[in-house]
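User: I am new to this structure and would like to be taken through it by way of questions and answers. Could you please show it to me before we begin?

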Amino acid sequence: IMFALLDLLETRFKDVQGGFIHLPFLPEQARRYNAPGLTLAQMTEAVTTCIQVCLAPVEAVDLAVGETH
């Protein structure tokens with residue numbers, strides 16, 4: 001479904017942004033697989049921040065990409 005949606009946005013709705021956020025395991029799941037995880041509160045805060053950045057005007061977002069160091 002995700003790839004179909006991204007293709008649709010690319011081909012028919014070029015002014016609409018779309019994306020995918022992969023979330024890690026919850027701690028109780030992570031323990032089962034000996035994998036990293038985040039609490040639900042941490043994931044909620046992270047996704048909220050991602051959405052706020054996506055909705056912010058481009059000039060309001062401080063990006064470090066493309067700079068020469």
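**Gln17 and its surroundings**

Analyst: Gln17 counts as exposed, with a relative accessibility of 67%. Please keep in mind throughout that the model is predicted.

User: Where along the chain does Gln17 lie?

Analyst: The residue belongs to no helix in this predicted model, since Gln17 is found in a loop. That loop runs between helix H1 (2-11) and helix H2 (27-33).

User: With which residues is Gln17 in contact, leaving aside its neighbours within four places in sequence?

Analyst: Contact here asks for heavy atoms within 4.5 Å. One residue to consider is Cys54, which stands 37 residues from Gln17 along the chain, with 8.7 Å between the two C-alpha atoms. Once the neighbours within four places in sequence are left aside, the contacts of Gln17 are Leu9 and Cys54.

User: How many residues of the lining of the largest pocket are nonpolar?

Analyst: The largest pocket, with a volume of about 200 Å³, has a lining made up of Gln17, Gly18, Gly19, Phe20, Ile21, Cys50, Ile51 and Cys54. Cys, Ile and Phe count as nonpolar, whereas Gly counts as polar. The lining therefore divides into no charged residues, three polar and, as the number asked for, five nonpolar.

User: Which kind of aromatic pair do Phe25 and Tyr33 form: stacked, edge-to-face or tilted?

Analyst: The structure holds one aromatic pair. Phe25 and Tyr33 form this pair, with 5.3 Å from centre to centre and 15° between the planes. Because planes under 30 degrees apart count as stacked, the pair of Phe25 and Tyr33 is stacked.

User: Is Tyr33 buried or exposed?

Analyst: A residue counts as exposed over 50% relative accessible area, and as partly exposed between 20% and that value. Phe25, at 34% relative accessibility, is therefore partly exposed. Tyr33 reaches 51%, so Tyr33 counts as exposed.

User: What phi does Asn34 have?

Analyst: Most residues other than glycine have a negative phi. Asn34 lies in the loop between H2 and helix H3 (40-55), and, with a relative accessible area of 74%, Asn34 is exposed. Although Asn34 is not a glycine, its phi is positive, at about 50°.

User: What pattern does the protein follow, read along the sequence?

Analyst: The secondary structure of the protein comes to three helices and zero strands. Of its 69 residues, 4% count as buried, and the accessible surface comes to about 6400 Å², with 62% of that belonging to carbon and sulfur atoms. Read along the sequence, the pattern of the protein is α-α-α.

Key
Residues are numbered from 1 along each chain as its sequence is written. This is a predicted model: local features need pLDDT of at least 70, side-chain atom pairs count only at pLDDT 80 or more; totals for chains, interfaces and linings use all residues. Side-chain values use heavy atoms; hydrogens and water are left out. Rings of Phe, Tyr and Trp (its six-membered ring) pair if their centres lie within 6.5 Å; planes under 30 degrees apart count as stacked, over 60 as edge-to-face and the rest as tilted. Buried means under 20% relative accessible area, exposed over 50%, partly exposed in between (1.4 Å probe, protein chains only). On a 1 Å grid over the protein atoms alone, a cavity is a set of points where a 1.4 Å probe fits but cannot get out, and a pocket is an open set with protein on both sides within 12 Å along at least five of seven lines; lining residues have an atom within 4 Å of a point. Grid points are joined across faces, edges and corners, and a volume is the space filled by probe spheres set on the points. Helices (H or I, at least four residues) and strands (E, at least two) are DSSP runs, numbered from the N terminus. Accessible areas come from the Shrake-Rupley method with a 1.4 Å probe; for residues, only the protein chains shown count as cover.
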